[in-house]
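Please walk through the structure below with attention to its buried side chains and their contacts.

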Amino acid sequence: MAARFTVVVGPARSGKTEHLLGLYRAALAGRPAIDALESVLWLAPSQRAAEDVRRRLPTTELPACFAPGILTFAQLADQILDQAAEEIRPIDARMQRLLVEQ
């Protein structure tokens, strides 16, 4: 099955986040608890944004969600690396400079 993407755009305070929260709640509610943990993901650009989404997620239809899958990019990367088969080592400052130069 081909992936399908929808881009939601609009000015500030136009209801984009509330619309997406409604879709996210429906996705969480429509899956068994175990499946939802592995198939529903909200990526937030910062910890502050992730906390805001977590705060706004509960409603009367979805009063609680113990593992909503709301992560920052860094948290997602950490989870991926934790599951990696090989140990991942951070690169040193010299290598970081070389990568940035390239």
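Arg-25 is buried but forms no salt bridge, the nearest oppositely charged side chain being Glu-18 at 4.1 Å. In this predicted model, that distance falls outside the limit, because a salt bridge needs a side-chain nitrogen of Lys or Arg within 4 Å of a carboxyl oxygen of Asp or Glu. A polar atom of the Arg-25 side chain does lie 2.7 Å from the backbone oxygen of Leu-57. Arg-25 belongs to helix H1. Setting aside residues up to four places away in sequence, Arg-25 touches Glu-18, Arg-56, Leu-57, Thr-59 and Leu-62.

Two of these partners, Leu-57 and Leu-62, are also members of the largest nonpolar core. That core has 11 residues, and the others are Leu-21, Tyr-24, Leu-28, Val-40, Trp-42, Ala-44, Ala-50, Val-53 and Ile-70. Two or more core residues come from each of helix H1 (16–29), strand E1 (42–44) and helix H3 (47–56). The largest share, three residues, is supplied by H1.

Within the core sits an aromatic pair, and the count of such pairs comes to one. The ring centres of Tyr-24 and Trp-42 are 5.4 Å apart and the ring planes stand at 85°, so the pair is edge-to-face. The pair links distant parts of the chain, with Tyr-24 in helix H1 and Trp-42 in strand E1, 18 residues apart. Both Tyr-24 and Trp-42 are buried.

Ile-70 is in contact with both of these aromatic residues. Beyond four places in sequence, its contacts also include Ala-50, Val-53, Arg-54, Leu-57 and Gln-75.

Strand E2 covers residues 70–72, and Thr-72 is part of it. Is Thr-72 buried or exposed? Its relative accessible area is 7%, so Thr-72 counts as buried. With neighbours within four places in sequence left aside, Thr-72 contacts Leu-43, Ala-44, Ser-46, Gln-47 and Ala-50. Of these, Ala-44 and Ala-50 are residues of the nonpolar core.

A last residue to look at is Arg-13, in the segment before H1. Which sign does phi take at Arg-13? The angle is near 65°, a positive value in a residue that is not glycine. Most residues other than glycine have a negative phi. Arg-13 has a relative accessible area of 86%, and therefore counts as exposed, whereas Arg-25 is buried.

Technical notes. Residues numbered from 1 in each chain as written. Predicted model: local features only at pLDDT ≥ 70, side-chain atom pairs only at ≥ 80, totals over all residues. Heavy atoms only, no water. Core = buried A, V, L, I, M, F, W, Y, C linked by side-chain atoms within 4.5 Å. Buried < 20%, exposed > 50% of the residue type's maximum accessible area, 1.4 Å probe, protein only. Helix = DSSP H or I, 4+ residues; strand = E, 2+ residues; numbered from the N terminus. Contact = heavy atoms within 4.5 Å. Lys, Arg positive; Asp, Glu negative; His and termini not counted. Polar contact = N/O pair within 3.5 Å; in protein donor to acceptor, adjacent residues only side chain to side chain. Phe/Tyr/Trp six-rings, centres within 6.5 Å; stacked < 30°, edge-to-face > 60°.
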